[in-house]
Amino acid sequence: MLPFFFIFLFTPESVVTAWGAMNQTLTTALSRRDHRRALALMAEAWSVELGRFCAIQVGSRAEAEELLQDAFIEAWAALPKLKEPERARGWMFGIARRVC
């Protein structure tokens, strides 16, 4: 796996800009306590990556998809407790790690 800084250096500027805009939108939704919008943004942004992560953990794509749904259900229940919206991605991966 490539180090993060390597990926960042060779990521097109449009992708970096889109990532920053999505992160800002997510932070805004969480600060307004718009949990439905925040979870939708998280699912849109990270479901493919989280699905791959879970598939690697369990060795089955079908099982990973079910476990990913469980992870998003846990995230929905815990979203009001998220104190630092800028850490939402790591927080979501932590939930996926426990579930998968």
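**Close-up views of the predicted model**

**View 1. The disulfide between C54 and C100.** The torsion about the S-S bond of C54 and C100 is about 65°, so this disulfide (a pair of cysteine sulfur atoms within 2.5 Å) is right-handed. Its S to S distance is 1.9 Å, and the structure holds one disulfide. The bond links distant parts of the chain, 46 residues apart: C54 lies in helix α3 and C100 in the segment after α5. Helices (H or I, at least four residues) are DSSP runs, numbered from the N terminus. The model is predicted, so local features need pLDDT of at least 70 and side-chain atom pairs count only at pLDDT 80 or more, while totals for chains, interfaces and linings use all residues. Residues are numbered from 1 along each chain as its sequence is written, and side-chain values use heavy atoms, with hydrogens and water left out.

**View 2. Helix α3 against α5.** Helix α3 (residues 35-58) packs on α5 at an angle of about 40°, with the axes 11 Å apart. That value makes α3 oblique to α5 (angles under 35 degrees count as roughly parallel, over 145 as roughly antiparallel, 65 to 115 as roughly perpendicular and the rest as oblique). Axes are lines fitted to C-alpha atoms, for helices over the stretch in contact, and angles run from 0 to 180 degrees between N-to-C directions. α3 passes α5 in a right-handed crossing (the near helix turned clockwise from the far one by less than a right angle; left-handed if anticlockwise). In contact (heavy atoms within 4.5 Å) are M42, W46, E49, L50, F53 and C54 of α3 with A88, R89, W91, M92, F93, A96 and R97 of α5. These residues divide into ten nonpolar, no polar and three charged. Ala, Val, Leu, Ile, Met, Phe, Trp, Tyr, Cys and Pro count as nonpolar, Asp, Glu, Lys and Arg as charged, and the others, Gly among them, as polar.

**View 3. Helix α4 against α5.** Helix α4 (residues 61-78) and α5 pack at an angle of about 130°, their axes 9 Å apart. This makes α4 oblique to α5. Their crossing is right-handed. On α4 the contact uses L67, D70, A71, F72, E74, A75 and A78; on α5 it uses W91, M92, I95, A96, R98 and V99. By class there are ten nonpolar, no polar and three charged residues in this contact.

**View 4. Helix α3 against α4.** The axes of α3 and α4 lie 9 Å apart, at an angle of about 145°. α3 passes α4 in a right-handed crossing. From α3, the contact includes L39, M42, S47, L50 and C54, and from α4, it includes R61, L67, L68, F72 and W76. The residues of this contact divide into 13 nonpolar, three polar and three charged.

**View 5. Confidence along the chain.** The mean pLDDT (the predictor's confidence in each residue, from 0 to 100) of the protein chain is 80, and 78% of its residues reach 70 or more. Among the elements, helix α5 (residues 88-99) has the highest mean pLDDT, 94, and helix α1 (residues 4-9) the lowest, 43. Over residues 1-18 pLDDT stays under 50, and the model has three contacts beyond four places in sequence for this stretch.

Definitions and conventions. Helices (H or I, at least four residues) and strands (E, at least two) are DSSP runs, numbered from the N terminus.
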